[in-house]
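The report below is meant for someone meeting this structure for the first time. It moves from the fold of one chain to two unusual backbone positions, then to confidence and to the contact between chains.

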Amino acid sequence: MNAAPAQAPDAKPLLEVQDLRVEFRTRRGAALVLNGVDFEIRPGETLCVVGESGCGKSMTALALLRLIPSPPGRISGGRVLFQGEDLVTASDATLRQVRGNRISMIFQEPMTSLNPVFSVGEQIGESLRLHAGLDARQARARAVEMLRAVGIPAPERRVDEYPHQLSGGMRQRVMIAMALACRPDILIADEPTTALDVTVQAQIFDLLRELQRDKGTAIMLITHDMGAVAEMADRVMVMYAGRVIERGSARQVLDAPQHPYTQGLIECLPALGSSQHDDRAELTEIAGVVPSIWELGQGCAFRERCRHALPRCAAEVPPLVDIGGGHAAACWLRAGDAAAEQAR
Amino acid sequence: MSPARPPPPTEGPWLEAARMFARNPSAIAGSVLLALVLLVAIAGPWVLAADPFELVAAPMTPPFTAEAWLGTDYLGRDVLTGLIYGGRATLLVGAVAALLSVAIGITIGATAGFYGGRVDRALMRVTEFFQVLPALLFAMVVVTLFSPTLLTVTLAIGVVSWTGTARLTRAEFLKLREVEFVRAERAIGARNARIIWGVILPNALPPLVVSATLAVGVAILFEAGLSFLGLGDPNQMSWGLMIGSSRQYLLSSWWAVTFPGAAIFVTVLAVSLIGDGLNDALNPKLRER
């Protein structure tokens with residue numbers, strides 16, 4: 001865990017997301033895949049977004065830059081405030097200025113995220129030509145610099161190579177180089193290491209941290225790997241079925257998770273090097289699966305899988321309630337006696 | 001041939017495809033044939049300055065004689081001169097019409113596939129309209145409506161033959177527009193035009209190159225067909241015109257029909273061989289062999 005966030009926790013947020021809603025039109029009607037997501041990203045920090053597949057993590061990331069495939073998807077409500085501008089209603093031209101320039105993105109699959117018919121140098125140079133107005137020669141020189149910065153050996157040679165000539169880890173480094181070429185304020189990384197070997201994963205995280213330190217980029221890291229969260233996060237946001245169910249500083253969420261779902265996620269981690277002598281201890285799991293969009297009903301989406309479900313959980317969706325120190329959870333167990341929790 | 005070991009991939013996919021193409025004997029044969037035909041059509045008129053409509057010897061002079069190497073037709077026009085000058089028109093019409101048809105096809109297919117929805121439905125209805133019209137009949141109507149010149153014939157062929165390319169392009173765009181690297185391109189702030197022409201099209205190009213090559217062969221046959229039916233430009237010697245005008249004399253002077261027919265055959269064969277070679281070189285699934 002990073003000891004201290006780069007900025008004071010009360011620094012002015014860089015990006016504010018308010019009540020973001022995304023719906024997909026399907027044959028069965030409109031499906032609300034994001035239902036009132038609120039969060040903020042502060043300068044220079046790492047915000048980890050955690051949750052199982054299908055909980056809306058990637059959708060949140062895509063929605064920030066209005067990259068949701070449309071049709072069938074659309075942002076049906078809420079605001080994404082970046083430097084005073086609402087990206088949800090901004091003009092296409094404004095949005096193009098933000099994309100890749102102020103906020104950039106790296107995707108999960110380095111194998112398919114690079115264009116196979118252009119050299120990596122051309123691809124890194126493209127955003128520079130688009131946003132910084134560099135000519136082809138300058139962009140190439142800058143691409144070599146970026147490749148060196150992300151730790152690719154012999155960048156002068158690699159710059160002219162094509163994606164199929166690079167390994168998965170190298171390609172992800174190229175993606176990072178592309179994303180950081182214009183020195184964005186925010187880097188959105190959507191499961192950047194899922195497709196990579198474990199050893200390479202660690203290298204990529206080290207690289208991201210190093211670049212963040214050098215350039216002061218805020219990172220929104222989307223992952224389902226709690227280990228990555230423990231390693232990278234300043235703050236954590238846990239999502240379930242299209243809603244934020246818990247958020248707080250990494251310490252708060254990892255050391256004292258309040259929502260039963262978060263507790264479950266953390267218990268799922270194998271305790272490496274802990275005091276457990278029984279090294280074949282069975283891993284715990286959260287029983288059941290994320291309910292489909294159509295089975296949500298009116299109560300808490302997690303109630304079917306929850307050990308502590310109350311009658312109230314089936315009737316009403318618990319609100320996200322602050323339980324002290326910026327730590328918030330959406331659970332009736334906590335909402336009822338937030339004061340008592342604080343006392344604990 | 002020694003078992004070709006793939007060279008270490010140090011070049012772009014296009015160079016790699018070119019290497020693949022160069023190792024394919026039938027593709028090479030096609031290229032050589034086409035080069036010969038082009039050479040004759042381009043350089044021939046300089047070597048042999050003559051008017052293909054001029055009467056040079058007695059009508060129906062048989063070939064392989066001193067007056068006319070490939071004989072003369074029923075009016076006494078030299079077949080060799082006709083072949084050389086007619087080749088220019090035939091190849092020009094073939095190439096330009098194919099270019100036109102591919103340009104229309106790609107524009108319509110790309111727009112339909114990229115934007116989808118209502119745009120796609122509207123453009124596909126237009127495409128289907130052109131698809132169900134009998135192409136030759138439609139081209140005949142176009143040519144007869146305007147005076148049959150080289151230009152109208154070319155336009156007519158281009159306008160009736162773009163539907164296949166449009167469908168192919170649309171399919172490629174539908175497939176590629178949701179691909180991750182296209183999304184990544186959007187995420188760096190590229191505009192739609194850049195994504196269509198600079199990102200998706202280069203990736204959709206391999207099948208389109210093949211289809212464009214084959215379109216040249218089709219256009220040449222089309223031009224020959226129109227000329228044969230007497231709908232070509234009567235003032236412009238072409239292979240189709242030669243066959244068409246001499247067809248009644250097929251039995252008495254076979255050479256006047258056979259030589260231009262052979263020229264068309266060889267040219268279309270050459271183009272098809274090249275198209276096949278390109279298909280093998282550009283299709284990654286066949287590349288495994």
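## Fold of chain A

In chain A, among the contacts with a separation of 6 or more, 62% are between residues 24 or more positions apart. This is a predicted model, and that should be kept in mind wherever a value is quoted from it. The secondary structure of chain A consists of 13 helices and twelve strands, and of its 344 residues, 45% count as buried.

## Two residues with positive phi

Two residues of chain A deserve a closer look for their backbone angles. D19(A) is not a glycine, yet its phi is positive, near 50 degrees, and this residue belongs to strand β1, which covers residues 15-26 of chain A. R66(A), which is likewise not a glycine, has a positive phi of about 55 degrees, and its place is in the loop that runs between α1 (57-64) and β4 (73-82) of chain A.

The surroundings of the two residues can be set side by side.

| Residue | C-beta neighbours | Class |
|---|---|---|
| D19(A) | 12 within 10 Å | exposed |
| R66(A) | 19 inside 10 Å | partly exposed |

D19(A) is classed as exposed because 12 other C-beta atoms lie within 10 Å, and a residue with 12 or fewer such neighbours falls into that class. R66(A) counts as partly exposed because it has 19 C-beta neighbours inside 10 Å, whereas 20 or more would be needed for a residue to be buried.

## Confidence along chain A

How far does the predictor trust its own model of chain A? The mean pLDDT of this chain is 83, and 89% of its residues reach 70 or more. Over residues 1-8 of chain A, however, the pLDDT is below 50, and this stretch has 14 contacts in the model beyond near neighbours in sequence. Residues 339-344 of chain A also have a pLDDT under 50, and for them the model has four contacts beyond four places in sequence.

## Contact between chains A and B

Where chains A and B meet, 27 residues come from chain A and 19 residues from chain B. On the side of chain B that touches chain A, α8 (180-187) and α9 (192-228) of chain B each supply at least two residues, and α8(B) gives the most, with six residues. By character, the residues of that side of chain B are ten nonpolar, four polar and five charged.

Technical notes: Residues numbered from 1 in each chain as written. Chains lettered and ligands numbered in written order. Predicted model: local features only at pLDDT ≥ 70, side-chain atom pairs only at ≥ 80, totals over all residues. Contact = placed C-beta atoms within 7 Å. Helix = DSSP H or I, 4+ residues; strand = E, 2+ residues; numbered from the N terminus. Nonpolar A, V, L, I, M, F, W, Y, C, P; charged D, E, K, R; others polar. pLDDT = per-residue confidence, 0-100.
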